[in-house]
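Student: I would like a close look at one part of this model. Please take the hairpin and set it in its surroundings.

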Amino acid sequence: NISFVRGDAQTPSQFLPSNYFPNIILSSYLMKYLDNEIFVADAAKLMNRDSILITHEIAYPNDALMQFLYNNHVRFLSGVLSFNPLWKDLAVEMESIFINNQWLSQHLYSLRRHNYQVKINTLPLSMSTVIYARKQ
């Protein structure tokens, strides 16, 4: 069965029924908005052995050419967004969100600390990453 559950992504145990133990938790583009350690610890409380936690997030590429293109793309978008009052805050934060973030290393640390077996899949152009974490 598939369930769509809506609530606080950082602490899913707060809004799931007490007898609900998901086999898979999928998270995408949330790392800017939550504390990795709290999220992983809470998911670990919910999940049974061999359950899977899948996270998908934007990543900073390792290749020098892709970094150059990525940096210029972020600067361009930041400049365009800064003209719109609704997007001005995001324009200021873009570099820290997309270039200087540490979400991947923090997330891997938290997953391993909570006894997950981790597999990393970097998508084409190294600009996003999918992490498959199986609870041991």
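Before that, what percentage of the residues of the protein count as buried? Then, which residues does Leu125 touch, not counting residues up to four places away in sequence?

Tutor: A caution to begin with: this is a predicted model. Of its 136 residues, 35% count as buried. The accessible surface comes to about 8,900 Å². Carbon and sulfur atoms hold 56% of that surface.

Next, the layout. The protein has four helices and four strands. Along the sequence they run β-α-β-α-α-α-β-β. Take the contacts with a separation of 6 or more: 63% of them join residues 24 or more positions apart.

Now the hairpin. It is formed by β3 and β4, with five residues between them. Strand β3 covers residues 116–122. Its pairing with β4 is antiparallel and runs over seven bridges. Thr122 stands opposite Thr129 in β4.

The turn holds Leu125, in the loop between β3 and β4. Leu125 has a positive phi of about 70 degrees. Most residues other than glycine have a negative phi. Leu125 is also exposed: its relative accessible area is 56%, and the cut-off for exposed is over 50%, so the label applies. Exposed does not mean free of contacts here. Leaving out residues up to four places away in sequence, Leu125 touches Pro61 and Met66. Asn62 is 63 residues from Leu125 in sequence, yet the C-alpha to C-alpha distance is 9.2 Å.

Met66 falls within helix α2, residues 64–81. Leu69 is found in that helix too. Leu65, Phe68 and Leu69 make a nonpolar surface patch of about 330 Å². Leu69 has a relative accessible area of 44%, so Leu69 counts as partly exposed.

Go back to the start of the hairpin. Just before β3 comes the loop from α4, and Asn115 lies in that loop. Asn115 is not a glycine, but its phi is positive, at about 65 degrees. Its relative accessibility is 44%, so Asn115 is partly exposed. A similar case sits elsewhere in the chain. Asp50 has a positive phi, near 75 degrees, and is likewise not a glycine. Asp50 lies in the loop between α1 and β2 (52–58). With a relative accessible area of 41%, Asp50 is partly exposed.

Finally, the interior. In soluble globular proteins, nonpolar side chains tend to be buried together. The largest nonpolar core here has 16 residues. Those with the most contacts inside this core are Ile25, Phe39, Ala43, Met47, Leu53, Leu111 and Tyr116. Three elements give two or more residues to the core: α1 (36–46), α4 (103–113) and β4 (128–135). The hairpin is thus represented through β4. Helix α1 gives the most, with five residues.

Ile25 shows how this core is joined. Neighbours within four places in sequence aside, Ile25 is in contact with Ala43, Leu46, Met47, Ile52, Leu53 and Ile54. Apart from this core lies another, of eight residues. Leu81, Ala91, Met94 and Phe98 are among them.

To sum up the hairpin: β3 and β4 pair over seven bridges, β4 gives two or more residues to the largest nonpolar core, and Leu125 in the turn touches Pro61 and Met66.

Technical notes: Residues are numbered from 1 along each chain as its sequence is written. This is a predicted model: local features need pLDDT of at least 70, side-chain atom pairs count only at pLDDT 80 or more; totals for chains, interfaces and linings use all residues. Side-chain values use heavy atoms; hydrogens and water are left out. Buried means under 20% relative accessible area, exposed over 50%, partly exposed in between (1.4 Å probe, protein chains only). Contact means heavy atoms within 4.5 Å. Accessible areas come from the Shrake-Rupley method with a 1.4 Å probe; for residues, only the protein chains shown count as cover. Patches are made of residues with over 30% relative accessible area and no salt bridge: like charges are joined within 9 Å, nonpolar side chains (Val, Leu, Ile, Met, Phe, Trp, Tyr) within 5 Å. A salt bridge is a side-chain nitrogen of Lys or Arg within 4 Å of a carboxyl oxygen of Asp or Glu. A nonpolar core is a set of buried Ala, Val, Leu, Ile, Met, Phe, Trp, Tyr and Cys residues joined through side-chain atoms within 4.5 Å. Two strands pair if DSSP finds at least two bridges between them.
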